[in-house]
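Visitor: I am new to this structure, and I would like a close look at a single part of it. Could you take me slowly through the cavity and what surrounds it?

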Amino acid sequence: MLQDEIEAAQRHVRTDAYQMSIGELVSMYEHDEITIAPDFQRLFRWEIGQKSKLIESILLGIPLPSIFVFEIGDGEWELIDGLQRLSTILEFMGKLRDADGKPMPPSALEATKYLPSLHNAVWEKSEDVIEVPTGEQNPLDRAKQLAIRRARIGVEILKRPSDNNTKFDLFQRLNAGGTAANEQEIRNCIMLMVNENYFRAIKAAAESDTFLKVTSLTDGQLDKQRHIELAARFLVHVDVPYDGLLDVGEYIDEGIVQLASAGDIERATSLLTDVFALLKEVADGDALRRYQNGHYSGRVGLVGLETIAVGVAKNLPDIQKQPDPVGFVRDRSQKLWEQEEIERFLSPGVRGTARIQKTVPFGEHWFRP
């Protein structure tokens with residue numbers, strides 16, 4: 001069985017590998033033959049120390065990790081992994097362009113452990129270099145420029161007719177172990193790859209005052225994209241059945257790809273807007289919190305999202321027909337926390353895979369008028 005699964009998956013993937021010089025990759029970029037900053041890539045956010053260490057490695061002849069590209073037709077490539085490295089090199093050379101195609105300022109390096117003379121090193125003197133006056137710039141001589149251009153880097157190519165979903169999977173696997181992108185940032189990138197308009201609509205809804213008020217997230221959580229994660233979880237739980245086989249993270253990943261591929265932006269935005277507007281009327285920022293002894297307490301957690309928000313969403317048309325929808329949801333959500341099942345959902349030992357097989361069906365039943 002496992003062997004059959006391996007062979008079936010392998011049929012979706014065709015790969016090739018080259019050793020290319022940095023000069024060749026730069027030339028491809030200049031001729032628009034390689035896209036190195038598609039929307040799904042993380043922001044170019046290496047610090048100057050990281051950039052300097054990369055150039056140091058090249059000059060010292062230390063091998064660089066391979067980059068991964070996806071063949072998009074006519075011999076052109078789309079970068080899947082390697083944005084930081086290629087962008088650093090292109091920026092240092094003064095070749096990097098912004099999203100509008102305009103040249104970005106070249107970088108000046110700082111001293112490194114093995115090459116302290118890289119302090120204020122530039123590819124060539126330029127008034128466009130930020131924060132380092134031309135008189136203080138230290139341009140590389142031609143021999144060192146050639147050494148960088150001739151340095152080689154492995155290029156792993158995912159070739160057509162590879163299944164397009166393989167590109168999403170490869171991006172996720174290459175980035176999941178890094179520290180620069182968390183799980184939701186990777187999920188955001190995958191949504192962008194699948195359907196940019198869908199992602200931007202979800203992002204806008206998750207950034208609305210109503211959604212942020214009901215979810216009551218901290219600034220730190222917002223920085224880690226927790227609001228978009230909750231919006232994605234909510235939509236997947238409402239519209240994508242869970243069979244219990246996948247890890248919760250993988251289920252959310254696959255579910256949001258399925259929804260983004262279908263592209264029903266109107267349904268997604270209306271669910272997020274209508275459900276969370278109703279919850280805001282119910283109890284403002286407390287609607288998803290635990291209710292005990294006549295008052296709300298604790299933080300907004302996944303149990304509240306999975307039982308209350310998803311339960312309301314799955315019954316929304318019938319709830320809206322009630323004489324007092326707000327009062328109905330307020331009464332049911334407060335009494336929900338008195339139920340014996342809730343304690344089992346909240347137990348620290350309950351795995352997510354087991355929890356969502358109980359919370360979502362419970363919420364759907366509980367909020368049924």
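Guide: What follows is a walk through the cavity, its lining and the cores. Please keep in mind that the model is predicted. The structure holds one cavity of 30 Å³ or more, and the volume of the largest cavity is about 70 Å³. Its lining is made up of Ile22, Leu25, Val26, Tyr29, Ile34, Ile36, Leu86, Ile89 and Leu90, which by class amounts to nine nonpolar residues, with no polar and no charged ones. Two elements, helix 2 (22-30) and helix 4, each give two or more residues to this lining, and helix 2 supplies the largest share, namely four residues.

Helix 4, which spans residues 83-93, also contains Leu83. With a relative accessibility of 5%, Leu83 counts as buried, because buried means under 20%. Although Leu83 and Ile36 stand 47 residues apart in sequence, their C-alpha atoms are 6.0 Å apart in space, and Ile36 is itself one of the residues lining the cavity.

To set this part in its wider surroundings, the largest nonpolar core has 61 residues, and Phe234, Phe276 and Leu279 have the most contacts inside it. Helix 13, residues 265-283, gives the most to this core, with nine residues. A second, separate core has 33 residues, among them Ile22, Leu25, Ile34 and Leu79; of these names, Ile22, Leu25 and Ile34 also appear in the lining of the largest cavity.

Conventions
Residues numbered from 1 in each chain as written. Predicted model: local features only at pLDDT ≥ 70, side-chain atom pairs only at ≥ 80, totals over all residues. Heavy atoms only, no water. Core = buried A, V, L, I, M, F, W, Y, C linked by side-chain atoms within 4.5 Å. Buried < 20%, exposed > 50% of the residue type's maximum accessible area, 1.4 Å probe, protein only. 1 Å grid on protein atoms, 1.4 Å probe; cavity = no way out; pocket = protein on both sides within 12 Å on 5 of 7 lines; lining within 4 Å. Points joined across faces, edges and corners; volume = space filled by probe spheres on them. Nonpolar A, V, L, I, M, F, W, Y, C, P; charged D, E, K, R; others polar.
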